[in-house]
Amino acid sequence: MTLAKNQKSPLSRLYKKVSKKRSESSRNLEDEARTSSSSSSGSSSLNVDELRTVFDYMDANSDGKISGEELQSCVSLLGGALSSREAEEVVKISDVDGDGFIDFGEFLKLMEGEDGNDEERRKELRVAFGMYVMEGEEFITAASLRRTLSRLGESCTVDACKVMIRGFDQNDDGVLSFDEFVLMMR
């Protein structure tokens, strides 16, 4: 699954699609409540009720778990592309209890990016970042992004890659630093 291609992951787009159905005033009230009573693990930018709605939508057979097939189908409905192998890999990575599915707790962690500790997550992102960087450089260029996407089977022009980079390039230098890459992968 190539997140750089779409700027937002298909799961994030699904979350936004479902959550837009709520009224703005309801959202503001919940934001205030969430700010005043954050959980012990830190405040969450995602509402659990909204995520339950997204989870239930993805759980097509209502068994309380999301399979690789259900994940692939949902991503496809959002206009994303996820192969069976990629969907199974997402499930495998997210499946803490080893049952071969994503339950609601695992889904929450997936959506909030909680896959253990922050140090481990940064290490994983550093490895992923290295896939996009050309040797001798410390940033992702449009050319290196195009090259990596091509290796992953995605055809993309350098101009399209520049547009993708521009979406996360905070200092307008035309490339992505590691910190900008981390922001992109949220």
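The predictor's confidence in each residue is expressed as pLDDT, on a scale from 0 to 100. The structure shown here is a predicted model, and its pLDDT averages 75 over the chain. A score of at least 70 is reached by 71% of the residues. Two stretches call for some care. Residues 1-7 have a pLDDT below 50, although the model gives this stretch 23 contacts beyond near neighbours in sequence. Residues 19-45 likewise fall below 50, and here the model shows 14 contacts beyond near neighbours. Where pLDDT is low, the predicted coordinates should not be read in detail.

With that in mind, the overall architecture can be described. The chain contains eleven helices and zero strands, so a walk along the sequence reads α-α-α-α-α-α-α-α-α-α-α. Of the 186 residues in the chain, 35% are buried. The accessible surface comes to about 11300 Å², and carbon and sulfur atoms account for 49% of that area. Contacts across the sequence are also worth a look: taking those between residues at least 6 apart, 48% join residues that are at least 24 apart.

The loop between α4 and α5 offers two residues to inspect, Ser-62 and Ser-67. The helices on either side of this loop span residues 48-58 for α4 and 68-77 for α5. Ser-62 is not a glycine, yet its phi is positive, near 55°. Its relative accessibility is 63%, and because the cut-off for exposed is over 50%, Ser-62 counts as exposed. Ser-67, by contrast, has a relative accessible area of 15%; this value lies under 20%, and therefore Ser-67 is buried. Once neighbours within four places in sequence are set aside, the contacts of Ser-67 are with Val-91 and Phe-101. This one loop thus holds an exposed serine at position 62 and a buried serine at position 67.

A positive phi also turns up further along the chain, at Asp-172, where the angle is about 55° in a residue that is not a glycine. Asp-172 sits in the loop between α10, which covers residues 158-166, and α11, which covers residues 178-184. With a relative accessibility of 66%, Asp-172 passes the 50% cut-off and so counts as exposed. For anyone browsing the structure above, Ser-62 and Asp-172 can be viewed side by side: each is a loop residue, each has a positive phi, and each is exposed.

Technical notes:
Residues numbered from 1 in each chain as written. Predicted model: local features only at pLDDT ≥ 70, side-chain atom pairs only at ≥ 80, totals over all residues. Heavy atoms only, no water. Helix = DSSP H or I, 4+ residues; strand = E, 2+ residues; numbered from the N terminus. Buried < 20%, exposed > 50% of the residue type's maximum accessible area, 1.4 Å probe, protein only. Contact = heavy atoms within 4.5 Å. Areas by Shrake-Rupley, 256 points an atom, 1.4 Å probe, with all protein chains shown as cover.
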